Amino acid sequence: DQIVVQVEGSYLGQSYFVLPKGARLLEFLNTVAIDPKETDYNSVSIRRQSVAERQKKALEESLDRLEQTYLGAPSSTAEEAQVRAQEAELISQFVEKARDTKPTGRLVVTNNDQLVDIRLQHGDVVTLPKRTDSVLISGEVYVPQSAVFVDNKTVWDYIDGAGGITQRADDDRILIVRQNGEVVDADEAQLRAGDEILVLPAVSSKNIQLAQSISQIVYQIAVATKVALDL
């Protein structure tokens, strides 16, 4: 009849709570002591084991489809066989690295910047992030770094300040990761303090369909782990 929920991040007091089954997020948050000057209470998120398991299963299924589609494809000429062999090596290396990634299980609990009053589950970890005045720039940039958030600076201003994008970067696939776990396209969102700018790598392959498949998995990994997995 009870569940245990943990709190992490910027809070005061205890970190583990025993709650009645069916307890909801907003009621629970009202019992957690915080310093409003230190805690970004508008960016709450939850790490949930069942979400991490679903993310991992979805990733494994995508990797299985990638291997089944391309590793066993027949070749009609010696030249095509050589290309297939190169593709197979690329795919095998990528799949090996991708299988090692660990999804965070981050559950976004906001809608239009308003918290949704969801039911909590046993083992949930509620994240109360610390207020910050910085922006993190990572992925395919020359100098990954944190920079002070300035209201009128654009995503590309921050990327240029990090040395610009590398030769492996895909300048059409730049993501903004919010503190609450939300992932949005950099072209469609306004930067906020605490955001992470994540530059994804481009997939270099003459096989357009293969490149699209790997690019989709790279995006899937970025959403689940906040890692721009390179090739």
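1. In this predicted model, one open sheet is built from 5 strands in the order β2-β1-β7-β3-β4, with mixed pairing. The edge strands are β2 (16-20) and β4 (106-108), each of which pairs on one side only. From one strand to the next, the twist averages 30°.

2. Within that sheet, β3 (residues 45-47) runs antiparallel to β7 (residues 125-128), and 3 bridges join the two strands. One bridge can be followed by eye: I46 has V126 in β7 as its bridge partner.

3. A further open sheet, also described as mixed in its pairing, has 5 strands in the order β9-β8-β12-β10-β11. Because β9 (145-148) and β11 (183-185) stand at the edges with a single partner strand each, one side of each has no neighbour in the sheet. Neighbouring strands here are turned against each other by 30° on average, direction ignored.

4. Strands β8 (residues 134-139) and β12 (residues 196-201) of this second sheet pair in the parallel sense, over 4 bridges. The residue to look at is I137, whose bridge partner in β12 is I197. As background, strands of a sheet pair through backbone hydrogen bonds, either parallel or antiparallel.

5. Helix α5 covers residues 208-225, 18 residues in total. From first C-alpha to last, α5 reaches 25 Å, close to the 26 Å expected at 1.5 Å a residue. The residue that follows α5 is K226, with a positive phi near 60°.

6. Many positions in α5 should be read as interior: L210, A211, I214, S215, I217, V218, I221, A222, A224 and T225 are buried. The list includes S215 and T225 alongside residues such as L210 and I214.

7. The largest nonpolar core has 23 residues. L63, L66, F94, L198, L200, I214 and I217 have the most contacts inside this core. At least two residues each come from α2 (49-70), α3 (78-99), β10 (169-177), β12 and α5. The largest share, 7 residues, is supplied by α5. In soluble globular proteins, nonpolar side chains tend to be buried together.

8. I221 is a useful residue to inspect in α5. Its relative accessibility is 1%, so I221 counts as buried, the cut-off being under 20%. Leaving aside neighbours within four places in sequence, I221 is in contact with L59, A98, T101, K226, V227 and L229. K226 in that list is the residue with positive phi that follows α5. The C-alpha atoms of I221 and K57 are 12 Å apart, although 164 residues separate the two along the chain.

Key
Residues numbered from 1 in each chain as written. Predicted model: local features only at pLDDT ≥ 70, side-chain atom pairs only at ≥ 80, totals over all residues. Heavy atoms only, no water. Expected span 1.5 Å × (residues − 1). Buried < 20%, exposed > 50% of the residue type's maximum accessible area, 1.4 Å probe, protein only. Pairing = 2+ DSSP bridges. Axes fitted to C-alpha atoms, helices over the stretch in contact; angles between N-to-C directions. Contact = heavy atoms within 4.5 Å. Core = buried A, V, L, I, M, F, W, Y, C linked by side-chain atoms within 4.5 Å.
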